[in-house]
There are 6 protein chains.
Amino acid sequence: MLVTALVRPVVLRALAEDLEGGDLTTEATVPEGARAVGRAIAGGPIVVCGGDVFRTVFHELDPSLHVTVVTEEGALAQRGQVLWEVRGSARSILMGERTALNFVQRMSGIATLARRFVGALPQGSVTRITDTRKTTPGLRMLERYAVRTGGAHNHRDTLGSAVLIKDNHIVAAGGVRAAVTRARARAPHTTRIEIEVETLPMLDEALSAGADIVMLDNFAPDEVAEAVKRAHGKAQVEVSGGITLERVATLARAGVDVVSVGALTHSAPAADIGLDLSNEGAPTT
Amino acid sequence: MLVTALVRPVVLRALAEDLEGGDLTTEATVPEGARAVGRAIAGGPIVVCGGDVFRTVFHELDPSLHVTVVTEEGALAQRGQVLWEVRGSARSILMGERTALNFVQRMSGIATLARRFVGALPQGSVTRITDTRKTTPGLRMLERYAVRTGGAHNHRDTLGSAVLIKDNHIVAAGGVRAAVTRARARAPHTTRIEIEVETLPMLDEALSAGADIVMLDNFAPDEVAEAVKRAHGKAQVEVSGGITLERVATLARAGVDVVSVGALTHSAPAADIGLDLSNEGAPTT
Amino acid sequence: MLVTALVRPVVLRALAEDLEGGDLTTEATVPEGARAVGRAIAGGPIVVCGGDVFRTVFHELDPSLHVTVVTEEGALAQRGQVLWEVRGSARSILMGERTALNFVQRMSGIATLARRFVGALPQGSVTRITDTRKTTPGLRMLERYAVRTGGAHNHRDTLGSAVLIKDNHIVAAGGVRAAVTRARARAPHTTRIEIEVETLPMLDEALSAGADIVMLDNFAPDEVAEAVKRAHGKAQVEVSGGITLERVATLARAGVDVVSVGALTHSAPAADIGLDLSNEGAPTT
Amino acid sequence: MLVTALVRPVVLRALAEDLEGGDLTTEATVPEGARAVGRAIAGGPIVVCGGDVFRTVFHELDPSLHVTVVTEEGALAQRGQVLWEVRGSARSILMGERTALNFVQRMSGIATLARRFVGALPQGSVTRITDTRKTTPGLRMLERYAVRTGGAHNHRDTLGSAVLIKDNHIVAAGGVRAAVTRARARAPHTTRIEIEVETLPMLDEALSAGADIVMLDNFAPDEVAEAVKRAHGKAQVEVSGGITLERVATLARAGVDVVSVGALTHSAPAADIGLDLSNEGAPTT
Amino acid sequence: MLVTALVRPVVLRALAEDLEGGDLTTEATVPEGARAVGRAIAGGPIVVCGGDVFRTVFHELDPSLHVTVVTEEGALAQRGQVLWEVRGSARSILMGERTALNFVQRMSGIATLARRFVGALPQGSVTRITDTRKTTPGLRMLERYAVRTGGAHNHRDTLGSAVLIKDNHIVAAGGVRAAVTRARARAPHTTRIEIEVETLPMLDEALSAGADIVMLDNFAPDEVAEAVKRAHGKAQVEVSGGITLERVATLARAGVDVVSVGALTHSAPAADIGLDLSNEGAPTT
Amino acid sequence: MLVTALVRPVVLRALAEDLEGGDLTTEATVPEGARAVGRAIAGGPIVVCGGDVFRTVFHELDPSLHVTVVTEEGALAQRGQVLWEVRGSARSILMGERTALNFVQRMSGIATLARRFVGALPQGSVTRITDTRKTTPGLRMLERYAVRTGGAHNHRDTLGSAVLIKDNHIVAAGGVRAAVTRARARAPHTTRIEIEVETLPMLDEALSAGADIVMLDNFAPDEVAEAVKRAHGKAQVEVSGGITLERVATLARAGVDVVSVGALTHSAPAADIGLDLSNEGAPTT
């Protein structure tokens with residue numbers, strides 16, 4: 001669920017970026033009264049994401065445009081499937097086309113990649129796939145939403161919403177126990193304390209210091225299994241860094257609670273979505 | 001070259017996105033006076049891009065931080081190579097780390113991919129690789145800069161900076177000649193007129209109508225060659241859509257002037273760059 | 001055509017400028033439920049421009065106001081002619097009156113001046129009158145639109161949408177040929193290369209370097225004619241600087257392609273438009 | 001005096017308007033390290049205004065630029081006189097030139113026109129020339145400052161800073177007395193009450209109702225004199241509407257306290273100011 | 001009366017502050033289609049203020065929500081009384097609840113305190129209770145409106161809307177007379193001149209210099225009476241600083257014109273208002 | 001710790017609110033070159049908070065002003081104690097005075113109230129006093145910081161940073177267990193699950209459903225004790241609503257973990273802080 005009031009400023013910046021000088025081509029070639037229907041169509045199998053943003057782009061540009069959702073958010077669409085329709089002034093549709101597609105291609109790209117990672121989990125697994133804070137500057141809200149739409153989970157939203165103690169924090173605090181203790185004393189009581197550990201002894205120290213979540217950094221497969229055993233009943237186990245689709249099943253079978261994947265947001269290729277315009281469009285539904 | 005005044009609002013939005021609730025972990029674990037040096041390090045071979053943005057992130061966050069460029073913009077860095085250094089308050093460095101990396105990983109990712117496409121051109125080729133308007137909403141300025149840093153060229157910036165007539169415009173205008181003529185009459189005299197064509201007859205019409213640039217849509221390889229021949233001395237030839245590294249050389253050899261590649265900005269994977277913190281940093285240079 | 005989404009922030013800034021402290025007079029003297037109709041009326045012959053902005057001001061201020069266009073955009077209105085009507089809350093109309101008029105007086109002033117320059121061209125002339133980048137800070141989009149509404153053309157929109165090489169660029173680049181060559185190599189292929197020349201030999205160099213457009217700086221009338229002759233078939237000829245209504249016809253007859261006029265936007269006097277309020281307004285149409 | 005913090009957002013919008021797509025010409029032709037000095041030079045006699053804005057434009061664009069004030073704010077400069085200098089990166093100076101000039105040409109244009117109106121007052125006159133709220137949307141702060149710089153005075157700043165009752169307010173309130181009384185009861189005690197009157201009887205009613213200022217609308221010359229006599233010792237007299245340089249002296253001699261002139265801000269022609277660049281600039285002072 | 005266009009940005013910032021990371025609880029527990037009615041209810045006797053802001057919060061968040069005013073602005077509501085209703089998506093109501101209440105609790109708190117001060121005036125008194133510029137940063141417009149809603153008056157809005165000469169200004173100007181004279185010469189003719197005085201001789205000097213309003217600083221009760229006598233017919237008398245409900249009647253009886261109270265805006269406790277949600281709400285009216 | 005980059009926009013809005021029309025008084029009475037020192041002085045015992053904001057206000061207004069911290073953040077200052085000094089242009093200091101004080105009076109007021117609540121805890125108590133989301137719209141970041149400065153803790157920052165299930169959520173989800181389970185499944189693994197309970201049986205259900213924190217709503221004192229006993233070792237216990245200084249010790253002795261107090265931010269009276277200006281200021285330290 002996206003709050004339109006918060007999406008609108010992001011959309012407006014994108015429209016301004018493309019349109020502040022007008023649209024030379026459309027104004028010259030398309031008559032002012034011409035009407036059309038634009039259909040967003042999947043160019044291959046994708047997880048659909050961004051309908052609200054698609055609608056917001058066109059509504060901001062021209063409130064008289066009418067947008068219809070044809071394929072539901074989160075559905076797996078096939079090549080050629082219509083996702084959304086926009087109907088009204090041909091000029092307005094052409095002027096918003098690229099901006100709208102730039103959003104939904106990215107969002108659907110992320111949702112599609114998230115779905116692939118979730119799909120790589122063994123049947124019945126309770127392991128979570130999560131994103132990270134490696135999001136596109138300015139688009140975190142949209143990208144986290146796309147991750148959820150793809151069936152994965154979100155990690156902490158910001159530096160202020162949860163504690164994640166990394167190596168530099170540990171050094172600065174003077175050790176694992178000191179770091180966990182200080183964070184516990186300072187952070188809101190609503191927040192869990194997560195800490196990154198590099199070895200099994202460090203894990204033991206983190207567990208004994210009362211960490212709620214341990215993040216294993218660079219653990220060998222058998223060390224991961226051992227870590228899960230030691231943490232059992234005491235803390236959740238998260239693995240991050242260099243996660244591939246192949247490793248996901250192994251980690252899940254080892255009993256890891258959370259696998260966080262930066263690539264979900266920083267390296268998802270754009271989903272292939274195009275906009276087909278026709279001058280006499282009849283409603284799809 | 002990036003204008004800092006215009007980069008700053010983009011950076012501020014990114015900082016606000018991550019830090020408006022403070023940094024629970026750093027504030028709890030890192031003493032206020034602690035000083036450190038952070039070194040941005042390449043995790044593999046990449047084309048370096050984003051030094052000015054890296055600096056702006058840390059300067060906005062804490063004007064007392066000192067940023068040094070170690071590897072020049074546009075250079076090819078190897079795994080382990082230091083790109084930039086930031087020195088000062090350990091807290092400030094830790095709080096800005098993720099935001100800074102989110103920018104430079106994306107920008108260097110784009111520059112690296114652009115360099116690969118440019119590198120795929122035959123020796124001595126005058127064919128241009130360009131981006132498209134398929135950029136990340138809100139980051140077009142940074143991404144176009146990254147494309148140039150990687151050695152490729154920019155296509156038109158916005159809908160208002162040049163004319164590109166597509167199929168829907170042609171239909172709306174009532175044909176190729178009408179579309180070109182109207183665009184010529186309406187657009188600034190500083191702008192060339194580009195038109196997308198789907199067949200050789202359509203190309204001929206575009207050339208006779210006086211188009212400055214023709215974009216070949218879905219032309220078979222031998223048609224491309226024929227198109228180049230017909231356009232010779234009359235118009236530039238651009239090819240777009242489904243461009244792979246493999247096709248680039250073929251198109252260049254066929255004499256195509258411009259190859260535009262949406263993937264440069266919409267699907268470039270993030271470059272692998274990390275930030276190594278050490279508590280006693282001596283200057284690199 | 002103006003994109004409302006991009007006009008709205010400009011309008012909001014103007015409303016905030018005038019109304020953030022409320023309207024002491026109206027709140028004290030006009031009852032909350034009072035209704036009125038306001039008619040924007042021309043105080044002399046003007047080219048009408050700004051209906052969309054007029055509407056946006058009142059709609060932003062009070063979405064229940066109803067705005068009607070009485071005289072079409074671009075029409076030549078006579079003294080006393082009603083241009084637009086706004087109907088609804090008397091308080092809201094009074095609060096928005098000044099802001100709305102400040103916009104449309106400026107826009108119609110520019111359109112009116114543009115029309116005069118266009119009207120000064122000889123019958124059947126193909127010479128273009130264009131604006132420059134000498135626009136009011138923050139209002140370029142509106143002013144360029146007003147120029148077009150008056151029948152003139154736009155020059156390049158921004159420093160990033162086309163190349164215009166001036167004397168300082170030539171010096172810095174090391175000569176006309178170097179400047180043109182570098183610009184050609186660097187600028188998007190969609191952009192023409194314009195260069196300012198001060199003498200006939202410089203013009204020759206620019207033509208031989210392949211400039212697309214030459215701008216004549218301070219050429220005597222007979223030199224202009226000679227320049228047009230030499231550039232024929234090779235480049236467009238633009239004249240700028242100190243253009244008066246009187247010179248326009250001469251330049252057009254000399255075959256100049258483009259005459260750019262800074263005064264269109266930087267020195268157009270405000271059009272005389274007032275708002276007449278009546279307490280019981282019947283619809284005009 | 002201008003508050004830089006409040007000028008900066010206005011300047012940033014102007015820079016973004018021109019530069020968000022970069023500066024194709026400068027980046028292509030001017031080497032990155034080139035240094036220059038730019039001198040803003042008057043093209044005719046003008047009242048100098050806008051030095052702080054000139055500086056802010058260049059400092060925002062490139063904090064390493066150095067700006068020097070050569071001619072003081074408010075001075076009358078002659079053709080050829082240097083007003084300000086900017087020294088540093090040639091690229092940065094060229095990129096900011098147009099934006100800086102757009103501001104100072106407008107501001108100096110207003111100051112120059114204001115000076116002419118003030119100069120039209122008889123020797124020793126205490127009559128004030130003031131501006132109105134007919135300012136350019138988004139630039140009111142700068143334009144009011146320019147009016148003061150030219151030696152004229154400001155009228156009320158916003159609808160919330162003082163009361164000015166016009167004909168529509170009077171009708172809505174049910175008469176002059178009711179309007180004045182209500183405004184007195186509602187407005188801050190720090191604010192005077194001004195009312196527009198159309199006839200001498202209306203003036204009498206306004207005076208007896210305790211108006212602090214009366215604005216004469218469309219009064220014949222002898223009526224103005226009579227109005228001044230009747231208002232003497234009771235209220236200030238302001239005349240507005242259709243004020244020319246010629247009428248100013250007459251009105252002042254008639255004893256009018258305030259003459260408000262919309263043209264100061266809505267129709268002042270741009271002052272002629274150019275920027276001369278030289279590659280080796282020695283300091284002027 | 002509040003201008004919605006100017007309230008909206010304030011509301012949007014507040015929504016962003018709370019909701020940019022979504023609403024974890026509501027999204028997890030409340031089904032997307034669930035509908036509810038929320039009733040804002042007074043927890044004790046309060047002066048009702050903020051209905052337009054309440055509506056704006058919910059409309060910005062979700063335009064499909066329907067807000068009804070049940071108790072009129074400015075009314076005195078009793079414990080348990082319904083003030084406003086919002087009807088529609090249960091999710092949207094829950095997501096906006098806190099933001100809406102944060103606004104109206106503050107506004108109603110100020111209105112309630114203002115009413116208490118006004119109520120402390122003797123029957124028939126013409127003394128004004130006013131606010132000061134000691135408002136919450138970013139909320140001045142809303143707080144001044146709340147003061148008026150409570151029945152008190154506003155003092156000057158900004159540093160630019162009226163003159164108030166304090167001790168430091170007097171010292172800098174070289175005395176009371178010089179300060180008043182300079183202010184008179186410089187300030188708009190629509191503005192009164194107020195000056196703060198500390199002794200009776202200083203008061204005399206201010207009166208003789210022509211001050212319009214004198215503000216008594218730290219005057220003993222009998223000195224206040226004497227000051228009122230001396231100022232009679234020459235200037236209004238304002239008292240500020242350390243005003244309690246008890247002192248108000250005394251000051252009014254002494255004939256003071258204006259009593260300004262910083263606490264109205266800087267120390268008003270929040271009004272007790274809660275939001276009761278029910279899943280099947282029937283319209284109240 | 002406050003991030004200056006994020007404080008700056010808040011400060012700029014406040015400055016614009018007060019200064020967009022200039023400062024009539026200061027510009028008229030204080031010479032441009034006058035220099036002064038302003039000392040912020042406590043008017044009674046307060047917990048000092050807001051030094052960074054004080055500095056930011058003056059630096060934004062005039063970068064040449066020099067601000068010194070005299071009393072450390074979080075210290076208890078006595079009446080007459082100097083907190084901060086600002087030195088430089090007398091005009092700039094006077095123009096920023098009110099804005100700076102409006103911030104620090106509010107922040108110190110909150111810190112002072114927070115300290116009183118923390119001081120009401122029994123010696124050695126581990127009970128936390130926390131704020132709530134009942135903060136001033138637009139100032140949450142500053143107010144949460146003030147709460148910490150006073151020695152209390154923050155509750156969750158936003159609706160997106162932790163889960164807090166209230167009665168309406170429980171009803172919508174179909175019961176306590178369903179609500180907790182759904183929240184657990186949906187929320188980030190870094191977040192604890194808090195739920196509000198109204199009876200002991202409801203508490204039991206919450207504990208058995210695995211809630212991490214239970215918030216007791218309207219529990220009688222002996223019920224609180226019983227709740228603490230039942231929750232022991234299973235969940236943290238929070239009490240909220242109608243908390244007075246008197247109740248705090250009782251709740252702490254009963255073993256409650258967290259006491260959240262809305263009044264900390266919504267009803268803290270402004271701290272008494274004034275700015276003393278002197279024309280020849282010698283450094284304090």
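**A chat about the sheet, the helix and the copies**

Mentor: In this predicted model, chain C has an open sheet of four strands, ordered β3-β5-β1-β12 with antiparallel pairing. Strands are DSSP runs of E, at least two residues, numbered from the N terminus, and two of them pair if DSSP finds at least two bridges between them.

Trainee: Which strands stand at the edges?

Mentor: Those are β3 (66–69) and β12 (273–278) of chain C; each has a single partner strand, so one side of each lacks a neighbour in the sheet. From one strand to the next, the twist averages 20°.

Trainee: And how many bridges join β1 to β5 in chain C?

Mentor: Seven, between residues 35–42 and residues 82–89, running antiparallel. Arg39(C), for one, has Glu85(C) as its bridge partner in β5(C).

Trainee: What lies across β1, β5 and β12 of chain C?

Mentor: Helix α4 (residues 90–119) of chain C, at about 160° to β12(C). Helices are DSSP runs of H or I, at least four residues; angles run from 0 to 180 degrees between N-to-C directions, with axes fitted to C-alpha atoms, for helices over the stretch in contact. Contact means heavy atoms within 4.5 Å.

Trainee: New topic: what turn lays chain A on chain B?

Mentor: A turn of 180° with a shift of 0.0 Å along the axis, giving an RMSD of 0.0 Å. That is the relation of a two-fold axis. The superposition is by least squares on C-alpha atoms of residues with pLDDT of at least 70 in both copies.

Trainee: Any note on numbering and cut-offs?

Mentor: Residues count from 1 along each chain as its sequence is written, and chains are lettered from A and ligands numbered from 1 in the order written. Local features need pLDDT of at least 70 and side-chain atom pairs 80 or more, while totals for chains, interfaces and linings use all residues, and side-chain values use heavy atoms, leaving out hydrogens and water.
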